[in-house]
Amino acid sequence: MVHSIIQVFILNFVTALDNAIVLAGIFKNHKTRYWTLTICSAILLTITRALLVLAIRPISRLSGIQLVLGSILFLLALRTAKVNKQRHHGTKNFASGKFDTNLLKLLCLIVLTDFAASFDNLISIFAVTNNVFCVAIGVFFSIVPLLLLLPTITKVFSEMPWVQIIAAGVMVQTAIQVLLKDPLIQPHFPLSSSYLTHASFAAAILFVGISLGIYIRNTKRSGLKTK
């Protein structure tokens, strides 16, 4: 049992980058709720991942599930890549206590996006063990360090917007991989694992290039307006 817990912990911890980027994209606009979100997320994600491991095989065969999850991730990537003055004003509104998203909806978004980002990881965990207790312990101790690092990640996003855009590109890569593995899409694009990786990476590079171009253009325009 201890061996299974360690394996689950390692699987979650070494693949935590995508999840960290996804969660940071959500947390960055809700800084005043950091500890509430951290505690609730640690508990919720532990429970949902542990239960989803039991159902991940039949879920992965359902048509449309990965299509929806990939679409959610892609939309979140679009939102994360949008760096402008309006977003910074929005952050101030959140900090002043004006929240337009209640906690329940926010936690649902966190669970959905985490599920999308960790879909393949859950299948790997199932191959290791289907013991809910082992999965729950391993997941919990791998999630907590990730959540504690989120303030550092969001600070980097705020101070270096280009890092935020690259992070959004990583989200796009994950989203494309999830989308193309859906039973509705896979028959039309029967890509091997290596081609799938290359296709998603190319899409991410294209996305980052376009987003950086838009950011530079907007920065130049705002600079001209202030002169």
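This note goes through a predicted model of one protein chain, point by point.

1. Overall make-up. The secondary structure of this chain comes to ten helices and zero strands, so that reading along the sequence gives the pattern α-α-α-α-α-α-α-α-α-α. The chain has 227 residues, and buried residues make up 42% of them.

2. Helix H8 and its span. Helix H8 covers residues 132–159. With 28 residues at 1.5 Å a residue, H8 should span 40 Å, and this agrees with the model, because its end C-alpha atoms are 40 Å apart.

3. The bend in H8. A student following H8 along its length should pause at leucine 150, where the helix bends by about 40 degrees. A proline, proline 151, follows within four residues of that position. Leucine 150 is also one of the buried residues of H8, while isoleucine 153, which lies in H8 as well, counts as partly exposed because its relative accessibility is 21% and the buried class requires a value under 20%.

4. The buried residues of H8. Which residues of H8 are buried? They are Cys134, Val135, Gly138, Val139, Ser142, Ile143, Leu146, Leu147, Leu150, Thr154 and Phe157. Valine 132, which is found in H8 too, is by contrast partly exposed, with a relative accessible area of 30%.

5. Contacts of H8 with distant parts of the sequence. Cysteine 134, buried in H8, is 129 residues away in sequence from isoleucine 5, and yet the two are 5.0 Å apart in space, C-alpha to C-alpha. Isoleucine 5 is found in helix H1, residues 2–14, and it is buried because its relative accessible area is 17%, under the 20% cut-off. A second pair involves isoleucine 153 of H8, whose C-alpha atom is separated by 6.5 Å from that of alanine 24, although these residues are 129 residues apart along the chain.

6. Helix H6. Helix H6 covers residues 103–117, and its 15 residues at 1.5 Å a residue should span 21 Å, which agrees with the 21 Å between its end C-alpha atoms. Its buried residues are Leu106, Leu107, Ile110, Val111, Thr113, Asp114, Phe115, Ala116 and Ala117. Cysteine 108, on the other hand, counts as partly exposed, at 44% relative accessibility.

7. Helix H2 beside H6. Isoleucine 26 is found in helix H2, residues 16–27, and is buried, with a relative accessible area of 1%. Isoleucine 26 and leucine 106 are 80 residues apart in sequence, but their C-alpha atoms are 8.4 Å apart in space; leucine 106 is among the buried residues of H6.

8. The salt bridge. How many salt bridges are counted in this model? The count comes to one. Side chains of opposite charge can pair when their charged atoms come close. Here arginine 49 forms a salt bridge with aspartate 114, and the closest N and O atoms are 2.6 Å apart. The pair links distant parts of the chain, since arginine 49 is in helix H3 and aspartate 114 is in helix H6, 65 residues apart. Are these two residues buried or exposed? Both arginine 49 and aspartate 114 are buried.

9. The nonpolar surface patch. Ile39, Ile43, Ile47, Leu51, Leu54 and Val132 form a nonpolar patch on the surface, and together they have about 520 Å² of accessible area. Helix H3, residues 34–61, contributes the largest share of this patch, namely five residues, whereas valine 132 is found in helix H8.

10. Cysteines. A search of the whole structure finds zero disulfides. Cysteine 40 is partly exposed, with a relative accessible area of 25%, and cysteine 108 counts as partly exposed at 44%, while cysteine 134 is buried in H8.

Terms used:
Residues numbered from 1 in each chain as written. Predicted model: local features only at pLDDT ≥ 70, side-chain atom pairs only at ≥ 80, totals over all residues. Heavy atoms only, no water. Patch = residues over 30% accessible without salt bridge, like charges linked within 9 Å, V, L, I, M, F, W, Y side chains within 5 Å. Areas by Shrake-Rupley, 256 points an atom, 1.4 Å probe, with all protein chains shown as cover. Salt bridge = Lys/Arg side-chain N within 4 Å of Asp/Glu carboxyl O. Helix = DSSP H or I, 4+ residues; strand = E, 2+ residues; numbered from the N terminus. Buried < 20%, exposed > 50% of the residue type's maximum accessible area, 1.4 Å probe, protein only. Disulfide = S-S within 2.5 Å. Expected span 1.5 Å × (residues − 1). Bend = angle between axes of the 7 residues up to and from the residue.
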